[in-house]
Amino acid sequence: MTPMLALVGVEVRYGAIPALREVDIEVRQGEIVALLGANGAGKTTTLRTISGLVRPSKGAVLLNGRRVDQVPAHQVVGLGIGHVPEGRRIFPRMSVLENLQIGAYHRRGVTQAELDHIFELFPILRERRNQEGGTLSGGEQQMLAIGRALMSKPQLLLLDEPSMGLAPLVVEAIFDIIERIRDEGTTVLVVEQNAAQALQLADRGYVLENGSVVMADDAETLLGDERVRVAYLGEGAA
Amino acid sequence: MTAPGTPAARPPAGPEAGAQPAVTWDERPTAWARLVSSVDARRAFAYLVGFLVLAVMTGPSGSSSAPTSGFTGSLFNPRVFWFIGLAVVFWGATTARHRYQARIRAWNDSVLALPRRLMPDKRVRYGFYLALLVFAIIYPMHVSGFWQQVAVQQIGVYVLLTVGLNVVVGYAGLLDLGYVAFYAIGAYSAAFWTGAMPVHLPFHLNPFWTIPLAILAAMMAGVLLGVPTLRLRGDYLAIVTLGFGEIVSIVAQNLTSITGGSGGVLGIPHFSVNLLGVHYTWGLGNLPYYYLLLAFVVLILVLFHSLEESRVGRAWTAVREDEVAAEASGVNVLKYKVMAFAIGASTSGFAGVLTASQVGYIEPQDFTYYLSILILVLVIFGGMGSLPGAVVGAAVLQWFPEFLRLHPLFGFQQQDLYIYLGALLIVMMIFRPEGILPSKRRKREIGLAEHGVGTADAMTTTTAEIQ
Ligand SMILES: Nc1ncnc2c1ncn2[C@@H]1O[C@H](COP(=O)(O)OP(=O)(O)O)[C@@H](O)[C@H]1O
Ligand SMILES: [Mg+2]
């Protein structure tokens with residue numbers, strides 16, 4: 001079966017310096033896949049490549065077997081990839097509702113049912129729907145960013161460090177919602193520095209180091225792996 | 001400058017007061033020592049000196065026979081009081097900012113809310129606009145020829161230009177410093193198609209028919225310039241457009257055989273209609289042109305207002321706020337930037353035709369970069385992204401110098417005008433950076449009706465309840 005998403009030998013360069021080398025990643029329908037790695041490992045670059053914001057210099061990105069790596073970013077959304085960028089990047093002066101509407105921009109026309117679905121996932125957004133995005137708390141902004149990406153009705157949702165800078169309770173709430181999103185049929189690729197929590201959530205995981213995939217395995221196996229425990233779970237060597 | 005900021009950061013005077021030299025040469029800190037060590041007093045002194053230097057620098061210059069006349073001519077001149085006044089205003093503005101910021105904010109907010117409080121109903125607001133329009137139709141009939149000319153050449157044309165630049169700068173957030181180039185392209189197009197230029201076609205057109213051609217030319221220039229440069233980030237765009245503006249004016253200046261060079265182009269005909277037995281020429285009088293402009297301005301305002309409220313307007317806002325997020329959300333960023341740029345260019349080109357046809361004479365000096373800056377100032381003064389702001393900002397700032405020309409104030413000199421406008425703008429940036437009539441973006445209610453959502457009304461009602 002063709003995986004929903006496949007990165008095949010992807011190389012990305014910023015100028016002369018490669019940020020990704022020979023990266024192979026697969027995400028299958030209905031999975032939650034975690035992408036782990038230290039700062040600067042290339043996690044964000046991987047997601048930006050998938051959503052067309054940067055172009056690979058080698059290799060290919062395949063969505064359901066079709067190449068998408070040369071498609072302009074604003075059209076990738078229409079192909080079913082929703083991207084929640086690092087640092088949320090909601091539109092600060094637009095209201096919550098307008099932010100959500102922009103998320104559905106490529107399909108023209110938002111129905112109330114679609115909005116209601118988002119508000120059901122994030123009830124707080126319904127309360128704040130006429131408030132400016134910039135006045136929301138960090139957790140609410142993250143929810144809005146996820147809601148905005150969901151408005152495009154993606155088959156694959158890319159999440160870049162959704163837990164960044166949030167209180168533990170809020171992180172838990174967000175991770176619960178990610179699970180729910182998957183249960184409703186959206187495949188998820190999540191980038192995290194918070195490796196322990198991400199691996200508990202995910203089915204499988206990849207570990208990036210200096211732009212290369214150094215480990216790829218089931219989440220449980222990775223959680224038990226000595227090297228992962230030392231490097232990413234902050235445990236001293238046994 | 002000592003640390004500006006919150007009132008909490010105020011006591012920069014504290015440590016300095018502690019280190020007063022006064023203690024060493026006089027046991028008691030004298031009033032003078034306290035004054036010298038006061039930040040506010042030193043700032044006042046610095047501003048006073050600064051503005052006096054400015055007064056001398058911009059005043060008459062000395063000569064070998066009277067070497068000091070540069071100083072005396074500037075300092076013993078009623079004009080100097082204006083500069084002292086500016087020093088006081090700047091001192092007040094920078095000092096008061098720290099002390100009264102909260103109060104000024106609150107005042108600003110209440111003034112901002114005023115139009116909504118006074119005119120909560122949309123119908124009342126439209127009624128108000130209609131009343132304004134009636135005023136704009138009737139009032140100019142009763143003013144002198146001088147003011148009628150001001151209404152056309154200083155206010156009408158500039159309102160049009162400002163409203164157009166507002167789309168580029170205010171809606172899409174693109175810093176276009178070469179806006180006047182499109183004005184020039186429109187004006188020269190009109191000259192070309194009416195056969196007034198040194199090069200001409202075997203036929204010529206009535207200026208009316210040049211309007212679409214000039215708009216097309218300006219729009220094409222906008223697209224050609226926009227497609228490669230709008231991929232660049234903001235600062236680069238500003239530089240490229242500034243350069244483009246200069247290129248256009250230099251070409252107009254030097255390509256004598258085609259454009260008439262620095263001598264300009266004479267004899268551009270007036271608009272006229274000759275249709276179904278109706279014959280009319282917009283002649284030398286200003287009023288007919290005024291009404292023509294008014295009609296076009298109203299038309300364009302309605303058009304831009306509906307654009308602003310449409311999908312396109314929302315895309316522009318998204319692009320302005322975060323290009324990457326907009327692109328990642330499915331907005332074709334380049335397309336919407338080019339669109340805004342081209343709409344601005346067309347409006348500018350359109351204004352060019354109107355000017356060329358009314359004045360009948362254009363020259364390259366009419367299209368220097370300083371005009372681009374002036375129009376940008378009008379946009380910022382009115383409130384970026386706000387249509388009423390663009391109209392009122394342009395009208396007020398263009399009217400005021402003419403008012404001063406007729407009623408000179410004590411010591412006011414016309415050539416100093418831009419110093420005062422600059423000062424006004426700086427003070428505004430301190431107290432009211434959003435402009436005099438800022439856009440209602442913040443408080444805008446969201447109409448989902450556009451998307452055919454049934455419960456849109458319910459939502460709007462809730463919005464009203466919340467506010
Ligand atoms: N726009 C850019 N220009 C140049 N280098 C970049 C850019 N973005 C990221 N990089 C570099 O690419 C590498 C990977 O960055 P990134 O993908 O952001 O890592 P991560 O998300 O894992 O922290 C880093 O070395 C970073 O400095
Ligand atoms: Mg990152």
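Helices (DSSP runs of H or I, at least four residues) and strands (E, at least two) are numbered here from the N terminus. The model is predicted, so expect local features only where pLDDT is at least 70 and side-chain atom pairs only at pLDDT 80 or more, while totals for chains, interfaces and linings use all residues. Residues are numbered from 1 along each chain as its sequence is written, chains are lettered from A and ligands numbered from 1 in the order in which they are written, and side-chain values use heavy atoms, with hydrogens and water left out.

**View 1. A loop and a positive phi at A:Lys153.** Start with the loop between helix 6 (138–150) and strand 7 (156–160) of chain A, where A:Lys153 is found. A:Lys153 has a positive phi of about 55°, although it is not a glycine. For background, most residues other than glycine have a negative phi.

**View 2. The magnesium ion, ligand 2, and its donors in chain A.** A:Thr44 coordinates the ion through OG1, and A:Glu86 is listed twice through OE, with distances of 2.0 to 2.8 Å. These two residues bring together distant parts of the chain, 42 residues apart: A:Thr44 belongs to helix 1 (residues 43–50), and A:Glu86 to the loop between strand 6 (81–84) and helix 3 (96–103). Donors here are N, O and S atoms within 2.8 Å of the metal (3.2 Å for Na, K and Ca), and water is not among the atoms, so sites may look incomplete. A:Glu86 is partly exposed, with a relative accessible area of 32%; on this scale buried means under 20%, exposed over 50% and partly exposed in between (1.4 Å probe, protein chains only). The loop between strand 6 and helix 3 also holds A:Arg88. A:Arg88 is buried, at 11% relative accessible area, and takes a positive phi of about 70° without being a glycine.

**View 3. The shell around ligand 1.** Which residues surround ligand 1? They are A:Tyr14, A:Ala19, A:Ala38, A:Asn39, A:Gly40, A:Ala41, A:Gly42, A:Lys43, A:Thr44 and A:Thr45, each with a heavy atom within 4 Å of the ligand. Sorted by type, the shell has four nonpolar residues, five polar and one charged. (Ala, Val, Leu, Ile, Met, Phe, Trp, Tyr, Cys and Pro count as nonpolar, Asp, Glu, Lys and Arg as charged, and the others, Gly among them, as polar.) Helix 1 of chain A gives the most to this shell, with three residues.

**View 4. Polar contacts at ligand 1.** A polar contact is a pair of N or O atoms within 3.5 Å; within protein, one must be able to donate a hydrogen and the other to accept it, and residues adjacent in sequence count only if both atoms are side-chain atoms. A backbone N or O atom of A:Lys43 sits 2.8 Å from an oxygen atom of ligand 1. For A:Thr44, a polar side-chain atom is 2.6 Å from a ligand oxygen, and for A:Thr45 a side-chain N or O atom is 2.5 Å from one. On its own, ligand 1 exposes 560 Å², and the protein buries 55% of that (Shrake-Rupley method, 1.4 Å probe; for residues, only the protein chains shown count as cover).

**View 5. Helix 1 of chain A in its surroundings.** Six of its eight residues are buried, so helix 1 is largely enclosed by the rest of the structure. The buried ones are A:Lys43, A:Thr45, A:Thr46, A:Leu47, A:Thr49 and A:Ile50. Just after the helix, A:Gly52 takes a positive phi of about 85°.

**View 6. B:Leu160 in helix 8 of chain B.** Chain B has 20 helices and two strands, and buried residues make up 45% of its 467 residues. B:Leu160, in helix 8 (residues 145–171), counts as buried at 2% relative accessibility. Not counting residues up to four places away in sequence, B:Leu160 touches several others, including B:Tyr179, B:Leu293, B:Phe350 and B:Leu354; contact means heavy atoms within 4.5 Å.

**View 7. B:Ser189 in helix 9 of chain B.** Is B:Ser189 buried or exposed? B:Ser189 counts as buried, at 10% relative accessibility. Its side chain reaches the backbone oxygen of B:Ile185 at 2.6 Å. Leaving aside neighbours within four places in sequence, B:Ser189 is in contact with B:Ala214 and B:Ala217.

**View 8. B:Glu402 in helix 18 of chain B.** B:Glu402 is buried, with a relative accessible area of 7%. Its side chain makes a polar contact with that of B:Arg405, at 3.0 Å. Beyond its neighbours within four places in sequence, B:Glu402 is in contact with B:Phe146, B:Trp147, B:Val150 and B:Gln154.
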